[in-house]
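Colleague: I'm new to this one, so please walk me through it.

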Amino acid sequence: MQVLVNPPSGWPALVLNADFRPLSYYPLSIWPWQEVVKAVWQDRVDVVSTYDKVVRSPSMEFRLPSVVSLKSYIDQDRAPAFTRFNVFLRDGFACQYCGARGELTFDHVVPRSHGGRTTWDNIVAACSPCNLRKGGRTPAQAGMPVRRRPVRPNAWQLQDLGRRFPPNYLHQSWLDYLYWDIELEP
């Protein structure tokens, strides 16, 4: 992870919930500067930190926000959507048969041909070679045990998992609001 002193291209702003926690860690909740200016004008956010960059209109000057917080709290207890991305995030972007990290797809643990359903507790991330090798068999039939039993995660579990996969860059003004429990570098 690279900490930038200069703003990232596009001047995005980190978006925090009303309790000053990020809306999402993965993908990190950032908005482009145009959306942030609009949200400030509509009084939907408070500006917490700004860049040195100023934008101008004929009647005013405005420093671009680097961190904003929503004025209304968004409940984070909602059930996460069942998506391919969220399955990969739950499984740590690793094949649940061999541990490989490339060419991921998803696999029905109990194949549909055996009555398996497309649900949180029957889908795992699998690399293409393992998925082909397992085919339409159960893990026991294929001799391929699942490393972790698939379960439906809650939103907090996915957020915690997302913190392990930081974006390629973070702006220094965001650091005070992210990753509170990681060890600091000297």
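Modeller: Two strands pair if DSSP finds at least two bridges between them; strands (E, at least two residues) and helices (H or I, at least four) are DSSP runs numbered from the N terminus. This is a predicted model, where local features need pLDDT of at least 70, side-chain atom pairs count only at pLDDT 80 or more, and totals for chains, interfaces and linings use all residues. Residues are numbered from 1 along each chain as its sequence is written, and side-chain values use heavy atoms, with hydrogens and water left out.

Colleague: Which residue in β5 is the bridge partner of V45?

Modeller: Start with strand β4, residues 45-56, and strand β5, residues 61-70, which pair in the antiparallel sense over eight bridges. A hairpin of four residues joins β4 to β5. In β5, V45 has as its bridge partner L70.

Colleague: In what order do the elements run from the N terminus on?

Modeller: You've got five helices and eight strands to place in this protein. From the N terminus on, they go β-β-β-α-β-β-α-β-β-α-α-α-β.

Colleague: What is the radius of gyration of the protein?

Modeller: Picture the C-alpha atoms filling a box of roughly 70 × 35 × 30 Å along the principal axes. For 186 residues the globule rule (2.2 Å times the number of residues to the power 0.38, compared with a radius over C-alpha atoms) gives 16 Å. The protein is well over that, so it's more spread out than a compact globule, with a radius of gyration of 21 Å.

Colleague: What share of the residues is buried?

Modeller: Buried means under 20% relative accessible area, with a 1.4 Å probe and protein chains only. Of the 186 residues in the protein, the buried share is 41%.

Technical notes
Buried < 20%, exposed > 50% of the residue type's maximum accessible area, 1.4 Å probe, protein only.
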